[in-house]
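Today I am opening my notebook to look at a few strands and helices, one step at a time. Follow along with the structure beside you.

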Amino acid sequence: MATRIARAVEPKRVADLTAREEEVFKRARPRSVELWKEAKEVMPRGVPSSFQDSKPQPVFVDGGKGSRVWDADGNEYVDFHNGFGVMAVGHAHPLVVQAVADRIARGSHFAQPVEEVTVVARELARRFHQPQWRFGNSGTEATLDAVRLARAFTGRDRLVKIEASYHGHHDALMVSVEPDPSRMGPPESPASVPQSEGIPRALVELTSVVPFNDLDALRAMFKAHPGEVAAVVVEPAMMNCGIILPDSGYLDGVRDIAHEHGALLIFDEVKTGVTIGPSGATERFGVIPDLVCLAKAIGGGLPCGAVGGRADIMALIDEGRVSQMGTFNGNPLTMAAARVTLLDILTPSAYAQFDAMAEVLQGGLDTVIAEHELPFHVITMAARGGVTYRAERVRNYRDYLTIDKAPAYLAWLYQCNRGVLMAPGAEENWTLSVQHSENDVMRYVENFAAMAGELRA
Ligand SMILES: Cc1ncc(COP(=O)(O)O)c(C=O)c1O
């Protein structure tokens with residue numbers, strides 16, 4: 001990032017604009033308010049997943065097509081949320097619609113293998129340089145399976161994860177996902193904090209936590225637990241607290257340290273997967289892990305998950321030593337959607353288009369930030385990107401905690417009120433689709449410019 005001038009934003013100005021935008025938000029969404037109230041009668045927090053309940057309230061969606069979605073009140077948005085990064089194909093892509101319609105007309109579920117499983121596994125093997133694959137239905141299942149494989153392969157129980165990485169909602173990795181500062185411990189050796197009640201303490205104690213981008217802390221962790229660690233689980237570019245990029249050489253270092261101590265490296269590419277490049281972080285950062293977890297965008301909008309790995313590790317499943325199973329694994333509809341997504345939609349030209357749109361966003365937003373001397377910066381990687389509401393690069397969770405969330409929340413409201421839907425949670429990144437146009441992404445830039453003008457007015 002080039003050195004540039006950045007001045008703090010005035011908190012009172014942010015608060016005033018936020019109050020105004022919240023009013024506008026509520027006035028335009030009476031039906032969402034009503035639906036939320038009704039849902040709360042039968043559902044905790046009125047949503048099927050707690051992620052969907054965020055300030056000021058959930059936006060109930062009616063449908064989507066291409067780059068657009070419409071909410072229950074009829075408001076139209078350019079979709080930058082894209083279902084938490086799933087819909088890189090865009091909504092109701094004709095090829096996905098056709099593939100799923102063809103498949104469902106011949107039956108939607110058999111719990112028997114179908115031809116497509118091999119086609120999809122072969123394509124994932126090609127992209128991610130892992131010879132063997134198994135399927136599931138979510139990112140949670142993918143990381144759960146990877147952890148079990150690593151523990152079985154090494155005969156060890158301990159896991160090492162990065163502070164503030166989210167890997168799904170199973171017990172082993174729901175540790176220090178967003179730990180409360182009062183409980184998180186010292187920065188160089190963070191405490192292991194359960195993310196939810198109901199997680200057995202014995203499991204939490206088996207998961208050690210280290211800061212991102214800190215190889216010394218990782219070395220110290222291995223030294224403190226000699227011969228105990230089965231795997232280091234890493235989201236190669238962290239994407240659940242804004243976007244945090246790995247330092248140059250960090251991922252290679254993690255792999256080497258893990259291997260030196262007889263542990264495996266697991267990449268959680270559920271978010272980075274096929275969105276930051278055709279072969280995700282594996283390709284972008286040039287490090288091949290021992291096991292890789294995928295989900296979200298690989299399934300073109302159907303529930304999906306996959307774990308891929310080295311032949312000698314995956315052989316544990318062949319040998320019946322590791323159980324990897326599920327009624328819906330390799331579901332025909334998911335496989336039909338994944339096949340067309342990977343082979344016919346997310347092609348090299350799709351990635352060229354993502355790169356072109358990323359350039360428009362990066363250039364446009366950088367210009368606005370520089371013109372208004374805002375203490376923010378922008379990261380783009382193909383279909384993914386986001387604004388970080390801090391001038392300096394964020395390297396780990398402790399840096400992330402220093403970000404003032406108020407301008408991020410204002411930006412979320414501002415975009416939502418002007419026809420751009422962002423993922424719930426002010427620090428979420430965006431996901432573009434192959435059906436987004438330059439005009440679509442310019443809408444985000446124009447809204448951002450208008451907000452910048454008002455912040456400095
Ligand atoms: C990096 C990462 N891993 C795993 C998961 C869990 O995936 P799922 O919600 O499909 O279980 C998520 C979900 O957002 C994620 O961001």
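**Entry 1: the two faces of S9.** I am working with a predicted model, and I began by asking which residues of S9 are buried on each side. On one side I found Leu291, Cys293 and Ala295, and on the other Val292 and Leu294, all of them buried. Both faces of S9 are therefore covered, since buried here means under 20% relative accessible area. I reminded myself that side chains in a regular strand alternate between the two faces of the sheet. Looking at the whole strand, residues 291-295, I noted that five of its five residues are buried.

**Entry 2: the neighbours of S9.** Next I asked which way S8 and S9 run, parallel or antiparallel. Strand S8, residues 264-268, runs parallel to S9, and three bridges join them. I picked out Phe267 and saw that it stands opposite Val292 in S9. Then I turned to strand S10, residues 305-309, which is joined to S9 by five bridges and runs antiparallel to it. There I found Ala295 opposite Gly305 in S10.

**Entry 3: a pair of helices.** I moved on to helix H13 (residues 348-371) and helix H16 (residues 438-456). They pack at an angle of about 10°, and their axes are 10 Å apart. Angles under 35 degrees count as roughly parallel, so that is what I wrote down for H13 and H16. H13 passes H16 in a right-handed crossing.

Which residues make the contact? From H13 I listed Met357, Val360, Leu361, Gly364, Leu365, Val368 and Ile369. From H16 I listed Glu438, Val441, Met442, Tyr444, Val445, Phe448, Ala449 and Ala452. Sorting the residues of this contact, I got 13 nonpolar, one polar and one charged.

**Entry 4: a sheet of three strands.** My last stop was an open sheet with the order S11-S12-S14 and antiparallel pairing. Why is one side of S11 and of S14 left without a neighbour in the sheet? S11 (377-381) and S14 (430-431) stand at the edges, and each has a single partner strand, so one side of each has no neighbour there.

I also checked how S12, residues 384-388, meets S14: two bridges join them, and they run antiparallel. Gly385 stands opposite Trp430 in S14.

Finally, I met H13 again. This helix lies across S11, S12 and S14, and it runs at about 175° to S11. So my notes on H13 now hold both its packing with H16 and its place across this sheet.

Conventions:
Residues numbered from 1 in each chain as written. Predicted model: local features only at pLDDT ≥ 70, side-chain atom pairs only at ≥ 80, totals over all residues. Heavy atoms only, no water. Buried < 20%, exposed > 50% of the residue type's maximum accessible area, 1.4 Å probe, protein only. Helix = DSSP H or I, 4+ residues; strand = E, 2+ residues; numbered from the N terminus. Pairing = 2+ DSSP bridges. Axes fitted to C-alpha atoms, helices over the stretch in contact; angles between N-to-C directions. Parallel < 35°, antiparallel > 145°, perpendicular 65-115°, else oblique. Left-handed = near helix turned anticlockwise from the far one by under 90°. Contact = heavy atoms within 4.5 Å. Nonpolar A, V, L, I, M, F, W, Y, C, P; charged D, E, K, R; others polar.
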